[in-house]
Amino acid sequence: MIYQPQINSTDRVVWHGGESTQLHYEQQVDGWDGNPDWIDRGVRTLVMGMPQGMSEMHAEMVDYYNYCQTGTLDI
């Protein structure tokens with residue numbers, strides 16, 4: 001699941017699914033081959049466990065995205 005508030009944005013928050021309890025803040029960079037690559041710039045662990053539904057997961061992703069826009073990145 002990806003939260004990317006603007007089309008063609010160069011940053012996003014990703015949850016890799018399954019039993020993962022981490023959200024990844026990623027930024028797009030130019031790869032060695034000239035194609036874009038996404039690199040981790042921060043990781044947040046969902047300390048309260050998995051959200052109960054998609055709307056709660058979406059809210060967590062929005063919160064983490066906004067934090068990364070104004071806060072210090074973890075990595």
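The following exchange goes through how side-chain terms are applied in this predicted model.

Reader: What makes the contact of glutamate 26 and arginine 12 a salt bridge?

Author: The N to O distance between these side chains is 2.8 Å. The cut-off is 4 Å between a side-chain nitrogen of Lys or Arg and a carboxyl oxygen of Asp or Glu, so the pair qualifies.

Reader: Which parts of the chain does the pair of glutamate 26 and arginine 12 tie together?

Author: Glutamate 26 is in strand S3 (residues 22-30) and arginine 12 in strand S2, so parts 14 residues apart in sequence are tied together. Both glutamate 26 and arginine 12 are buried.

Reader: How many salt bridges does the structure hold?

Author: It holds two. Arginine 44 forms one with aspartate 63, where the closest N and O atoms are 2.8 Å apart. Arginine 44 belongs to strand S4 and aspartate 63 to helix H1, so this pair joins parts 19 residues apart in sequence.

Reader: Why is arginine 44 called partly exposed?

Author: Its relative accessible area is 21%. Buried means under 20% and exposed means over 50%, so arginine 44 falls in between. Aspartate 63, with 42%, is partly exposed by that rule.

Reader: How do you know that aspartate 11 has no salt bridge?

Author: The nearest side chain of opposite charge is arginine 12, and it is 8.9 Å away. The cut-off is 4 Å, so no salt bridge is assigned to aspartate 11. Aspartate 11 is nevertheless buried, and it is found in strand S2 (residues 11-15).

Reader: What does the side chain of aspartate 11 make polar contacts with?

Author: One polar contact is with the side chain of tyrosine 25, at 2.7 Å. Another is with the side chain of tyrosine 65, at 3.0 Å. The limit for a polar contact is 3.5 Å, so both distances satisfy it. Leaving aside neighbours within four places in sequence, the residues in contact with aspartate 11 include Gln4, Trp38 and Gln69.

Reader: Why is the pair of tyrosine 3 and tyrosine 65 called edge-to-face?

Author: By the rule for ring pairs, the count comes to three aromatic pairs. In the pair of tyrosine 3 and tyrosine 65, the centres are 5.5 Å apart and the planes make an angle of 80°. Centres within 6.5 Å pair, and planes over 60 degrees apart count as edge-to-face, so the term applies. This pair links tyrosine 3 in strand S1 (residues 2-3) to tyrosine 65 in helix H1 (residues 54-70), 62 residues apart. Tyrosine 3 and tyrosine 65 are buried, and ring pairs link Tyr3, Tyr25 and Tyr65 into a cluster.

Reader: What makes the pair of tyrosine 64 and tyrosine 67 stacked?

Author: The angle between the planes is 15°, with 6.3 Å centre to centre. The limits are under 30 degrees for stacked and within 6.5 Å for a pair, so both are met. Tyrosine 64 and tyrosine 67 lie in helix H1, three residues apart, about one turn of the helix.

Reader: Is tyrosine 64 buried or exposed?

Author: Its relative accessible area is 1%, under the 20% limit, so tyrosine 64 is buried. Tyrosine 67, at 35%, counts as partly exposed.

Reader: How do you know that the charged end of arginine 44 sits over the ring of tyrosine 67?

Author: The charged end of arginine 44 is 5.6 Å from the ring centre, and the distance limit is 6 Å. Arginine 12 lies over the face of tryptophan 38, at 3.8 Å from the ring centre.

Conventions. Residues numbered from 1 in each chain as written. Predicted model: local features only at pLDDT ≥ 70, side-chain atom pairs only at ≥ 80, totals over all residues. Heavy atoms only, no water. Helix = DSSP H or I, 4+ residues; strand = E, 2+ residues; numbered from the N terminus. Buried < 20%, exposed > 50% of the residue type's maximum accessible area, 1.4 Å probe, protein only. Lys, Arg positive; Asp, Glu negative; His and termini not counted. Polar contact = N/O pair within 3.5 Å; in protein donor to acceptor, adjacent residues only side chain to side chain. Contact = heavy atoms within 4.5 Å. Phe/Tyr/Trp six-rings, centres within 6.5 Å; stacked < 30°, edge-to-face > 60°. Lys NZ or Arg CZ within 6 Å of the ring centre and 35° of its normal.
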